[in-house]
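Good morning, everyone, and thank you for making the time. I would like to walk you through one pair of packed helices and then through the nonpolar cores, so please keep the picture in view while I talk.

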Amino acid sequence: MSPTFRAFKVRNFRLYASGAIVSNVGTWMQRVAQDWLVLELTHSGTALGIVTGLQFLPALLLGPYAGLVADRFPKRQVLTMTQIFMATVALTLGGLTISGVVQTWHVYLLALLFGVGTAFDAPTRQSFVVEMVGRDELSNAVGLNSASFNAARLLGPALAGLLINWIGTGPVILVNGFTYAAVIVSLRMMRVSELHTPKPAGREKGMIRDGMRYLWRRPDLMMVLVAVFFAGTFGLNFQLTSALMATSVFHKGAGEYGILGSVLAIGSLSGALLAARRVRIRARLVIGAALAFGIAEIVSALMPTYLTFALVLPIVGLASLTMLTSANATMQLSIEPTMRGRVMALYMTVLMGGTPIGSPFIGWIGQVLGARYSLIVGGGLTVLGTVASVLYFSRRRGLAIRPRFLPRPHLEVLPQTDLLGDKAVLETVPPGPVTAAEPITVEPVTAKDVGPRVA
């Protein structure tokens with residue numbers, strides 16, 4: 001089997017992936033149909049922004065509790081329940097739309113409920129991957145998951161557009177409700193004996209605080225988490241920034257805007273497949289890809305024509321997915337199994353929870369200063385946040401950065417035993433896959449790391 005698809009040799013993961021691709025296509029179809037429904041009801045961009053914010057708000061508020069649920073209960077059962085819940089929400093919205101009684105407040109409420117389901121589903125789904133494939137194939141499985149999501153991103157919106165014209169908005173939303181059955185069936189068909197299931201965390205007081213304290217004592221993971229926060233909050237606003245560039249800078253219509261989304265998804269899919277080929281993930285790749293993403297986003301803002309802007313977008317998508325898949329694998333491989341749900345919930349909260357803050361800010365920048373500045377500011381803050389994260393956690397939190405020139409120039413990051421003493425290092429970096437005896441190397445991202453450039 002090709003190294004890119006080696007995780008598919010695991011039967012449980014094959015079942016999961018087959019159900020996930022169906023569900024992901026349905027999810028993208030509903031996103032398009034729901035946005036179209038809001039515009040039909042309100043003819044308001046503000047209303048559309050409210051719906052988006054309501055869907056992401058639960059991830060910000062409920063993320064830590066969702067991680068606790070993922071650690072305390074069997075993840076396969078939790079995922080089954082979240083699929084049933086989100087299917088119910090989708091079928092309700094579809095039914096209201098078909099019956100002709102749907103109102104704007106219905107969409108607001110159901111978007112919020114859908115966000116609640118997603119808040120509990122995301123950390124459980126992320127931490128369940130390692131239980132299906134084990135540690136050796138985790139990075140490959142994470143890359144394949146991202147590839148599935150971006151393949152659905154290419155297919156789902158186009159399919160939704162066709163079906164909305166043929167059968168209407170309500171039936172398209174109903175279709176998504178039924179696609180959750182594919183995930184439920186795949187979960188029920190798994191062989192439980194082949195899962196790498198850790199012992200569930202017992203019920204104790206302060207378990208959420210324990211997850212936060214665990215992360216705070218891991219400066220290597222905090223460095224990655226802060227970089228992801230700046231990228232997710234200010235940089236990953238493609239729907240907003242691409243729309244502003246297409247309409248106000250290049251004076252294009254909806255068709256050309258849709259093409260930009262597909263071009264970006266091609267780069268993202270390429271980044272996910274390249275990530276799936278990597279056997280070993282290093283922190284250097286996360287930091288390097290975050291810097292490359294921020295710089296590529298700034299460069300895209302400077303492109304003089306629609307064509308040159310479109311040619312740069314695959315690089316932006318490739319760098320962003322390289323960063324996200326590497327960060328995901330780094331977090332999962334570096335934490336204790338009993339903490340995985342809580343830590344991944346905090347990771348998803350940082351990644352998704354900043355959207356209600358970053359999107360309005362970047363939109364305001366685009367309105368006041370111009371569309372190009374929405375990309376320049378977003379990319380610039382990503383670069384500055386990543387650099388600040390490396391400097392702070394290397395100087396203040398027990399990591400030392402040392403330049404190394406052989407066998408190739410790079411930066412070596414390891415605990416400051418000389419400054420803190422052995423006892424302090426052991427308290428700062430708890431036992432786990434990354435210890436004081438195992439230095440982490442952080443190097444600038446290279447062409448080998450992120451793949452070929454687009455001319």
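Let me begin where two helices touch: in this predicted model, Leu 138, Ser 139, Val 142, Gly 143, Ser 146 and Asn 150 of H5 meet Leu 321, Thr 325, Asn 328, Ala 329, Gln 332 and Leu 333 of H12. Sorted by class, this contact between H5 and H12 holds five nonpolar residues, seven polar ones and no charged ones.

How are two packed helices described? In general, one gives the angle between their axes and the distance between the axes. Here H5, which covers residues 138–167, and H12, which covers residues 306–333, pack at an angle of about 140 degrees, and their axes are 9 Å apart. The two helices, H5 and H12, are therefore oblique to each other, and H5 passes H12 in a right-handed crossing.

Now to the nonpolar cores. The largest of them has 52 residues, and within it Leu 215, Phe 309, Met 331 and Tyr 347 touch the most other members. Several elements give two or more residues to this core, including helix H7 (207–216), helix H13 (340–353) and helix H15 (371–395), while H12 gives the most, with 11 residues.

Which residues does Tyr 347 contact, if we leave aside its neighbours within four places in sequence? They are Leu 225, Val 228, Leu 324, Ala 327, Asn 328 and Met 331. Apart from the largest core there lies another one, of 24 residues, and among its members are Met 29, Ala 47, Ile 164 and Tyr 180.

Technical notes: Residues are numbered from 1 along each chain as its sequence is written. This is a predicted model: local features need pLDDT of at least 70, side-chain atom pairs count only at pLDDT 80 or more; totals for chains, interfaces and linings use all residues. Side-chain values use heavy atoms; hydrogens and water are left out. Axes are lines fitted to C-alpha atoms, for helices over the stretch in contact, and angles run from 0 to 180 degrees between N-to-C directions. Helices (H or I, at least four residues) and strands (E, at least two) are DSSP runs, numbered from the N terminus. Angles under 35 degrees count as roughly parallel, over 145 as roughly antiparallel, 65 to 115 as roughly perpendicular and the rest as oblique. A crossing is left-handed if the near helix is turned anticlockwise from the far one by less than a right angle, and right-handed if clockwise. Contact means heavy atoms within 4.5 Å. Ala, Val, Leu, Ile, Met, Phe, Trp, Tyr, Cys and Pro count as nonpolar, Asp, Glu, Lys and Arg as charged, and the others, Gly among them, as polar. A nonpolar core is a set of buried Ala, Val, Leu, Ile, Met, Phe, Trp, Tyr and Cys residues joined through side-chain atoms within 4.5 Å. Buried means under 20% relative accessible area, exposed over 50%, partly exposed in between (1.4 Å probe, protein chains only).
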